[in-house]
Amino acid sequence: MNLIRQTACLLTAVILLNCVIQGEQLLLEQLLQSRMPEETADREAFSLYAQTVESVWQELVYFPVPDSSLAGAEISFENTWMAERTYGGKRSHEGTDLMASVDESGYYPVVSMTDGQVEQVGWLEKGGWRVGVRSEGGNYYYYAHLDSYAKDWKAGDAVRAGDLLGYMGDSGYGPEGTTGQFPVHLHVGVYVPLESDQETAVNPYWMLRYLENKKLIYSY
């Protein structure tokens with residue numbers, strides 16, 4: 001092969017490689033865009049959002065509600081991030097509610113999305129029976145309005161992704177033991193650490209969308 005032909009082949013290979021790289025970059029950008037709220041669609045806001053939750057994405061393993069091996073038990077959810085809530089005074093919704101098609105407390109299992117350890121467990125007026133799992137990366141995963149626990153969880157207990165935490169319910173919005181104030185659902189909250197021992201909530205909706213294809217299957 002003469003020098004001209006060799007040079008032409010080399011240039012062709014470089015052009016093709018550049019097209020492949022550009023295509024991969026475009027696919028990656030589209031994937032990342034699909035994981036973020038529309039209201040942060042500009043590049044600067046998206047960059048900040050992506051940096052903030054980068055460690056969370058790396059920790060996510062399973063969707064918090066396994067699929068049922070039987071027909072009829074489904075889960076739906078919408079992006080209600082910062083929607084108004086009024087119980088206990090006007091406030092914003094810092095999470096995503098996974099709604100049950102079968103409105104029966106104790107029917108749907110709830111599993112941990114990540115590895116970590118139990119940090120909080122027990123009753124909260126707004127959250128009802130809840131479990132809070134702190135990951136090794138310092139992020140906090142909050143599961144609220146449970147009907148019951150899978151075991152006698154205590155602060156410090158180790159949790160693996162996929163471990164059964166408890167069962168979906170309708171507890172909360174009142175003194176300990178209050179139920180029936182709203183339909184059966186699971187509230188999922190995700191909090192990331194800031195400086196000075198503080199933390200901030202981030203929108204779990206896009207994380208849950210990502211995990212929809214990462215569900216365990218239970219018989220219920």
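Is Lys215 buried or partly exposed? Lys215 is partly exposed, at a relative accessible area of 26%, because buried means under 20% relative accessible area, exposed means over 50%, and partly exposed lies in between (1.4 Å probe, protein chains only).

The structure is a predicted model, in which local features need pLDDT of at least 70 and side-chain atom pairs count only at pLDDT 80 or more, while totals for chains, interfaces and linings use all residues. Residues are numbered from 1 along each chain as its sequence is written, and side-chain values use heavy atoms, with hydrogens and water left out.

**Exercise 1. Place the salt bridge of Lys215 in the chain.**

Step 1. A salt bridge is a side-chain nitrogen of Lys or Arg within 4 Å of a carboxyl oxygen of Asp or Glu. By this rule the model has 7 salt bridges.

Step 2. Lys215 makes one of them with Asp67, at 3.6 Å from N to O.

Step 3. Asp67 lies in strand S1 (residues 67-68), and Lys215 in the loop between helix H3 (205-211) and strand S14 (217-218), so the pair links distant parts of the chain, 148 residues apart. Helices (H or I, at least four residues) and strands (E, at least two) are DSSP runs, numbered from the N terminus.

Step 4. Asp67 is partly exposed, with 34% relative accessibility.

**Exercise 2. Describe the salt bridge between Asp115 and Arg160, and the exposure of each residue.**

Step 1. The side chains of Asp115 and Arg160 meet at 3.6 Å, N to O.

Step 2. Both residues sit in loops: Asp115 between strand S6 (109-111) and strand S7 (116-124), Arg160 between strand S10 (158-159) and strand S11 (164-168). The two residues are 45 residues apart.

Step 3. Asp115 is partly exposed at 35%, whereas Arg160, at 57% relative accessibility, is exposed.

**Exercise 3. Find the network of salt bridges that includes Glu119.**

Step 1. Glu119 forms a salt bridge with Arg134, and their closest N and O atoms are 2.9 Å apart.

Step 2. Glu119 is in S7 and Arg134 is in strand S8 (residues 128-134), 15 residues apart. Glu119 has a relative accessible area of 31% and is partly exposed.

Step 3. Glu199 joins Glu119 and Arg134 in a network of salt bridges.

**Exercise 4. Which strands pair with strand S9 (140-149), and how is S9 covered?**

Step 1. Two strands pair if DSSP finds at least two bridges between them.

Step 2. S8 and S9 run antiparallel and are joined by 5 bridges. Within this pairing, Val133 stands opposite Tyr141. The two strands form a hairpin with 5 residues between them, and Gly138 in the turn has a positive phi of about 95 degrees.

Step 3. S9 is also joined to strand S12 (185-193) by 5 bridges, again antiparallel. Here Ala144 stands opposite His187.

Step 4. With S11, S9 pairs in the antiparallel sense over 3 bridges. Ser148 stands opposite Tyr167, and Tyr149 has Gly166 as its bridge partner.

Step 5. S9 is mostly covered, as 7 of its 10 residues are buried.

Step 6. S11 pairs with S6 too, in the antiparallel sense over 3 bridges. In that pairing the bridge partner of Val111 is Leu164.

**Exercise 5. Describe the largest pocket and its lining.**

Step 1. On a 1 Å grid over the protein atoms alone, a pocket is an open set of points where a 1.4 Å probe fits, with protein on both sides within 12 Å along at least five of seven lines; lining residues have an atom within 4 Å of a point.

Step 2. The largest pocket has a volume of about 430 Å³, a volume being the space filled by probe spheres set on the points, which are joined across faces, edges and corners.

Step 3. The lining has 22 residues, and Arg91, His93, Lys126, His145 and His187 are the closest to the pocket centre.

Step 4. Strand S4 (91-92), strand S5 (96-100), S7, S9 and S12 each supply at least two lining residues. S9 gives the most, with 4 residues.

Step 5. The lining divides into 9 nonpolar, 7 polar and 6 charged residues. In this count Ala, Val, Leu, Ile, Met, Phe, Trp, Tyr, Cys and Pro are nonpolar, Asp, Glu, Lys and Arg are charged, and the others, Gly among them, are polar.
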